[in-house]
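Good morning, everyone, and thank you for making room for this on the agenda. I would like to walk slowly through one structure, so please have it open in front of you while I talk.

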Amino acid sequence: MIGLVAFLSCIGLIWAEVPFNHRVTNGRVIGGSNAPRNKWKWQISLQYDSYNEGYYGHICGGTIIDGLHVMTAAHCILGTNPKSYRVAVGEYNLFEYDGSEQFIGVERIDVHPGWTGDLGNGNDIAILKLSEPVYDNGYVAIAELPYPEETLPHDFTCYITGWGLMDHYGSAPDILQEAPINVVEHSVCSKPEWWGILARESMVCAGGDGVISGCQGDSGGPLNCFTGGAWRVHGVVSYGPAGGCNQYMKPTVFTRVSFFMDWIFSISR
């Protein structure tokens, strides 16, 4: 979830998605709408049992990258015990069970070795190995990934998906949300009036129109872009502005998947 982990920078406070309430699921992409059922089959809900009571609440999104691994954000990892997590694949409505879901435990957590807990340093990516493989029930799919080092042009339209907050008051539909969101190229996003030095080349910026953005609950989820003849996951939701998600000239920032392909393959092969 985009939560309230803030740190000082030369341009102010930024915040990322960490769970602020493990017991209640809140959700919506800001400016989005209900996604068609069974459209984004690689989207997962990462769920956490914060009290060791067998109750798992949604904290972040993620992406199926093969039958035994999912990709999410490093800042979504709240503790090192894999048994505290589970992954819901084939999920659509978080508060209804309609037979499409699979709930799978986590066997191992691999956080990128360059992750320091400081969002401005980047490397906000983690791979979870599942305790059993995802099976194809018609509601799941393995995500296509970009080519190594592939970049997206300015103003290219992608889709952000997730169960993140609709606004800072916590308005929360239960159904997976989607919204078109336009890429802001690095030369623009790294300008001082945008994200400045906090926008690294290992990141993708998208949004910043003051209308559409990711928010708490979307962290770790995919930036879906149609490139090379297929929908590919080009980004992992990482951070956004403090004090409100959809701020003008403060786009949602994603970990750029194409920058980390060698590491992803080394972990998931």
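Let me begin with a term: a residue is called buried if its relative accessible area is under 20%, exposed if that area is over 50%, and partly exposed in between. Please also keep in mind that what you see is a predicted model.

With that term in hand, we can look at two neighbouring aromatic residues, Phe-259 and Phe-260. Phe-260 has a relative accessibility of 4%, and because this is under 20%, Phe-260 counts as buried. Phe-259, on the other hand, has 38% relative accessibility and therefore counts as partly exposed. Their rings form an edge-to-face aromatic pair, with 5.1 Å from centre to centre and 65° between the planes.

In total there are 8 aromatic pairs in the model. Another of them joins Trp-40 and Trp-42, whose ring centres are 6.0 Å apart and whose planes meet at 75°, so this pair is edge-to-face. How buried or exposed are Trp-40 and Trp-42? Trp-40 is buried, with a relative accessible area of 4%, and Trp-42 is buried as well, at 9%. These two residues belong to one aromatic cluster, together with Tyr-159, Phe-226 and Trp-231.

Some rings have a charged partner instead. The charged end of Arg-232 sits over the ring of Tyr-147, 5.0 Å from its centre, while Lys-250 lies over the face of Trp-195, at 5.6 Å from the ring centre.

Let us turn to the strands, and to the barrel in particular. Six strands form a closed barrel in the order 4-5-6-9-8-7, and their pairing is antiparallel. From one strand to the next, the twist averages 45°. Within this barrel, strand 4, which covers residues 43–48, pairs with strand 7, residues 85–89, over 5 bridges in the antiparallel sense, and there Leu-46 stands opposite Val-87.

Those two residues appear again when we ask about the nonpolar interior. Which members of the largest nonpolar core touch the most other members? The core has 42 residues, and the answer is Leu-46, Met-71, Tyr-85, Val-87, Leu-128, Leu-145 and Ile-264. Among the elements that each supply at least two residues of this core are strand 4, strand 7, strand 14 (230–241) and helix 2 (261–268). Apart from this core lies another one, of 15 residues, including Cys-189 and Met-249. As general background, nonpolar side chains in soluble globular proteins tend to be buried together.

If we follow Leu-145 a little further, and leave aside its neighbours within four places in sequence, we find it in contact with Ile-65, Met-71, Arg-232, Val-233, Val-257, Met-261 and Ile-264.

Finally, I would like to show you strand 11, residues 177–184, which is mostly covered, since 6 of its 8 residues are buried. Strand 11 pairs antiparallel with strand 10, residues 157–162, over 6 bridges, and Thr-161 stands opposite Glu-178 there. Strand 3, residues 33–34, is also joined to strand 11, by 2 bridges and again antiparallel, with Ser-33 as the bridge partner of Glu-178. Strand 12, residues 203–206, likewise pairs with strand 11 in the antiparallel sense over 2 bridges, and in that pairing Val-183 stands opposite Ala-206.

Terms used
Residues numbered from 1 in each chain as written. Predicted model: local features only at pLDDT ≥ 70, side-chain atom pairs only at ≥ 80, totals over all residues. Heavy atoms only, no water. Pairing = 2+ DSSP bridges. Helix = DSSP H or I, 4+ residues; strand = E, 2+ residues; numbered from the N terminus. Axes fitted to C-alpha atoms, helices over the stretch in contact; angles between N-to-C directions. Core = buried A, V, L, I, M, F, W, Y, C linked by side-chain atoms within 4.5 Å. Buried < 20%, exposed > 50% of the residue type's maximum accessible area, 1.4 Å probe, protein only. Contact = heavy atoms within 4.5 Å. Phe/Tyr/Trp six-rings, centres within 6.5 Å; stacked < 30°, edge-to-face > 60°. Lys NZ or Arg CZ within 6 Å of the ring centre and 35° of its normal.
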